[in-house]
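Here is a short report on one protein chain. Keep the sequence and the 3D view open while you read.

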Amino acid sequence: MAQDSWPSPDHNNRGVTDSEYEQIAQRFSDDGVYGSPADAQVVTAGSGRTVNIRAGVTASVRGHTWTSGASTEILQIPPNPAGQTRTDRIVLRLDRATWNVRAAVKTGTPGSGPPPLTRNAGTTGVWEILLGTVTVQSNALSVTVARGELYVGTRVRPALSTARNPHPEQGELAYETDTDTLRIYSGTAWRSMYQRADPVVIDNPYAAFGWANETASVIEMRGGVVSLRLGSFLRIGRPADSQTNTRLPVLIPSALRHPNRDQFGLVYITGAKLGRVTIFSRTQAEAGQVWLTQNPSIPVGDRVLSAGMTWVVD
């Protein structure tokens with residue numbers, strides 16, 4: 001079979017059939033309603049055994065646009081004379097016999113749960129997406145509706161951390177190629193979903209006198225949560241005074257510091273003694289520094305060991 005493509009002057013003089021259009025357009029937009037769950041539900045219970053389709057709704061099914069129109073659309077729900085509850089579905093259905101998309105009632109079987117959606121992927125048949133679920137009690141004169149709209153999503157944009165979309169939509173995804181971070185826009189801020197940076201050794205022996213790093217201190221971040229394992233520190237030079245705060249020989253990288261809250265952790269000191277460390281947030285003059293802020297006197301040769309800490313940076 002020869003290669004082909006469309007639209008093209010070499011393909012039917014740029015003419016495109018309905019099935020060919022579907023092949024082009026099915027991934028232009030995800031299937032679903034345009035909007036978000038914050039909007040009013042599309043299908044609600046109407047008077048008697050009916051449901052209402054909200055006016056002014058637009059959706060896409062396999063690249064075909066559907067609108068509910070300027071006024072409420074009313075759909076009749078068939079009676080249920082059986083002795084068991086019936087569950088129906090309200091769907092948007094692309095019928096390839098007509099190439100029209102219409103809201104329709106998909107009737108279930110009493111006692112059998114909701115009917116499955118029909119998803120014929122070829123050039124014939126129908127393709128359905130869900131709008132709502134209708135519960136019809138035996139011999140009911142009215143129905144109840146549970147919303148079930150599928151909403152059109154947004155695609156994942158590659159971006160730099162310094163050049164994200166300035167006008168994002170709620171639910172938009174961006175993959176930062178420079179930070180190896182996947183972010184989602186919540187409607188008010190970008191939040192990290194995935195981040196896997198290599199662990200970083202944060203030993204800084206020149207930052208604090210009187211201490212030696214015996215075991216490496218390591219920090220890493222996963223999805224906006226920082227995990228810190230402070231190493232062990234040996235007191236050298238002269239004893240540490242219990243009345244004076246003393247800085248430990250490590251430094252938290254700027255991107256891994258808490259944005260506005262200092263962090264407090266427990267440490268163990270030689271001789272079954274306890275102390276407290278403070279890790280200063282980005283807002284402090286000592287940002288990223290780690291200090292012993294509560295401790296007994298620590299003689300030369302004693303050690304300080306950490307219990308480990310975590311905090312959120314994003």
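The report goes from the whole chain to its helix, its pockets and a few backbone details.

## Overall build

This model is predicted. The chain has 314 residues. Its secondary structure consists of 1 helix and 25 strands. The radius of gyration is 31 Å, while the globule rule gives 20 Å for 314 residues, so the chain is more spread out than a compact globule. Along the principal axes, the C-alpha trace spans about 90 × 60 × 35 Å.

## Surface and contacts

How much of the chain counts as buried? The share is 39% of the 314 residues. "Buried" here means a relative accessible area under 20%. The accessible surface of the chain comes to about 16,700 Å². Carbon and sulfur atoms hold 52% of that surface.

Now look at contacts along the sequence. Take those with a separation of 6 or more. Of these, 55% join residues that are 24 or more positions apart.

## The helix

The chain has 1 helix, and α1 covers residues 18–25. Which residues of α1 are buried? They are S19, E20, E22 and A25. These buried residues pack against two strands, β5 (64–67) and β7 (86–95).

## The largest pocket

The largest pocket has a volume of about 230 Å³. Its lining is made of 16 residues. Closest to the pocket centre are Q195, M221, A255, L256 and V313. Two elements give two or more residues to this lining: β14 (190–195) and β17 (218–222). Strand β17 supplies the largest share, with 3 residues.

What kinds of residue line the largest pocket? The lining divides into 8 nonpolar, 3 polar and 5 charged residues.

## The second largest pocket

The second largest pocket holds about 180 Å³ of space. To find it in the view, start with A207, A208 and F209, which are among its lining residues. Then move to R235, R238, P239, A240 and D241, also part of the lining. T244, N245, T246 and R247 belong to the lining too.

By class, this lining has 5 nonpolar, 3 polar and 4 charged residues. Among the residues named are the arginines R235, R238 and R247, and the aspartate D241.

## Backbone details

Start in the segment before α1, where P7 is found. The peptide bond from W6 to P7 is cis. Its omega angle is near -5°.

N13 also sits in the segment before α1. Its phi is near 55°, a positive value in a residue other than glycine. Is N13 buried or exposed? N13 is exposed, with a relative accessible area of 66%.

A second positive phi appears at A272, which is not a glycine. The angle there is about 60°. A272 lies in the loop between β21 (263–269) and β22 (273–279). This residue is exposed, and its relative accessible area is 80%.

## In brief

The chain is built with 1 helix and 25 strands. It is more spread out than a compact globule. Its largest pocket, of about 230 Å³, takes 3 lining residues from β17. Two exposed residues, N13 and A272, have a positive phi.

Definitions and conventions: Residues are numbered from 1 along each chain as its sequence is written. This is a predicted model: local features need pLDDT of at least 70, side-chain atom pairs count only at pLDDT 80 or more; totals for chains, interfaces and linings use all residues. Side-chain values use heavy atoms; hydrogens and water are left out. On a 1 Å grid over the protein atoms alone, a cavity is a set of points where a 1.4 Å probe fits but cannot get out, and a pocket is an open set with protein on both sides within 12 Å along at least five of seven lines; lining residues have an atom within 4 Å of a point. Grid points are joined across faces, edges and corners, and a volume is the space filled by probe spheres set on the points. Helices (H or I, at least four residues) and strands (E, at least two) are DSSP runs, numbered from the N terminus. Ala, Val, Leu, Ile, Met, Phe, Trp, Tyr, Cys and Pro count as nonpolar, Asp, Glu, Lys and Arg as charged, and the others, Gly among them, as polar. The radius of gyration is taken over C-alpha atoms; the globule rule is 2.2 Å times the number of residues to the power 0.38. Buried means under 20% relative accessible area, exposed over 50%, partly exposed in between (1.4 Å probe, protein chains only). Contact means heavy atoms within 4.5 Å. Accessible areas come from the Shrake-Rupley method with a 1.4 Å probe; for residues, only the protein chains shown count as cover.
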